[in-house]
Amino acid sequence: MSMIRVQLKPGREKSILRGHPWIFSGSIARTSGGDAQEYSGHTVKVIDADDNFLAWGALSPSSKIRVRIWTRNQEEVVGPDYLGTCLEQAIDNRKQFIPATEVNAYRLVHGESDGLPGLIVDKYAGTLVVQFLTCGVEHWRDTLVDLLREITGCDSIYERSDMDVRRLEGLSPQKGPLKGDAITNPIQIMEGNLHYWVDVTKGQKTGFFLDQRENRSKVQEIAGNKSVLDCFAYTGGFTIAALKGGAKGVTAVDSSGEAIKLGRENLDLNQIPELSVEWLEADVFTQLRDFRDRNRSFDMIILDPPKFAPTAAHAQKAARGYKDINLLAFKMLNPNGLLVTFSCSGGVSADLFQKIVAGAARDAGVGAKIIGRLGPGVDHPVALTFPEGAYLKGLIIQV
Ligand code: SAH
């Protein structure tokens, strides 16, 4: 623990008292007790304008999010015991909700919402993939790795902190095996009756989009006998689910050739005939226009684009992107067709997303109704005090 004290401006303690885990640099009146740059990731004491204790938090000297709260309990010592308790709690929660005999890949730790700001831990069978995204968890990285090993019994731990967000913290992107662990790659995982190869060393994020697990299961339920277009298909997560659910055939579009390559292997892994899928390595925006011009139509279209708006500041530009693809999709759905559409942009609220999709339907000239609302699975909790954690939202719409 450092002797650094971070004192807030008058009135700026309110969001902390309500439980929000971030302190922005603009809320801080003064930082005393040492040169903040020398204490990156160290635990600092946060006090209000009248010197009252508010919390212990981790210091990020270069970030606009200057402090992330560990605990509001003054007696607590932030160290291995405290971090171990947080990890155990997060991991126990998953054990309670995810049947280990059916699902062996899920998120063990989901950052702020599990009380561990900046820490992501995904489990892929016997391998853990970890991201340290903030100075606080970077500071404790060795302790956290040792604790994870101890609590989970997994000896195979790989780091995928190769994320640009680390630059906002003054940290450089980083990846590789932790403490010399050799890992097998790709890794085979199981989500009920769905099986996938996950490339944890070169795949996107930690290798797979675990947040869509329950939605893949939903797609499997509703895809029976349908012709499906899977846009932004990555390694075929939804494609495989739709085919296992009895889809007539899938057209899968993604701009990444590497992802499609693994997607083809995923078909084989699930004993699905190769000819069930038409893979297109293409830009979805261009491909949808091409389909429209050729009058292609589908019974079900899935849109799961990458994040268009990381923050609310990008919301307008993102809205144009979402509207464009949703409008094109509405135009090529057969009567009674289903649109399964997602946004994983933290900067676009569920409410705004619904408005954008409604605007797209109107401009496409189709009547449509919401028949389902989708979100991330139980292993991606959203703390009520941290609405920023609610990034993934989806709608099932029938025309
Ligand atoms: N649906 C996937 C996850 C999609 S992630 C699943 O459930 O596993 C977003 C995907 O969009 C990535 O695979 C990325 O390669 C792809 N992508 C990003 N921009 C694209 C574009 N303009 N056109 C096509 N694919 C794109």
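Here are a few questions and answers about this predicted model, covering its ligand and some of its strands.

Q: What makes the approach of Gln204 to an oxygen atom of the ligand a polar contact?
A: Let's check the distance: an N or O atom in the side chain of Gln204 is 3.0 Å from that oxygen atom. A polar contact needs a pair of N or O atoms within 3.5 Å, so this pair qualifies.

Q: Why do Asp283 and Phe232 count as polar contacts of the ligand too?
A: For Asp283, a side-chain N or O atom is 2.6 Å from a nitrogen atom of the ligand. For Phe232, a backbone N or O atom lies 3.1 Å from a ligand nitrogen atom. The limit is 3.5 Å, so both pairs pass. As for the ligand's surface, taken alone it exposes 580 Å², and the protein buries 89% of that.

Q: Why are β17 and β18 said to pair?
A: Pairing takes at least two bridges, and these strands have 5, so they pair. They run parallel, and one of the bridges joins Ile301 to Leu339 in β18.

Q: What makes β18 and β20 a pair, and in which sense do they run?
A: There are 6 bridges between β18 and β20. At least two are required, so they count as paired, in the antiparallel sense. Here Ser343 has Lys393 in β20 as its bridge partner.

Q: How do you know that β18 is mostly covered?
A: Buried means under 20% relative accessible area, and 9 of the 11 residues of β18 are buried.

How values were computed:
Residues are numbered from 1 along each chain as its sequence is written. This is a predicted model: local features need pLDDT of at least 70, side-chain atom pairs count only at pLDDT 80 or more; totals for chains, interfaces and linings use all residues. Side-chain values use heavy atoms; hydrogens and water are left out. A polar contact is a pair of N or O atoms within 3.5 Å; within protein, one must be able to donate a hydrogen and the other to accept it, and residues adjacent in sequence count only if both atoms are side-chain atoms. Accessible areas come from the Shrake-Rupley method with a 1.4 Å probe; for residues, only the protein chains shown count as cover. Buried means under 20% relative accessible area, exposed over 50%, partly exposed in between (1.4 Å probe, protein chains only). Helices (H or I, at least four residues) and strands (E, at least two) are DSSP runs, numbered from the N terminus.
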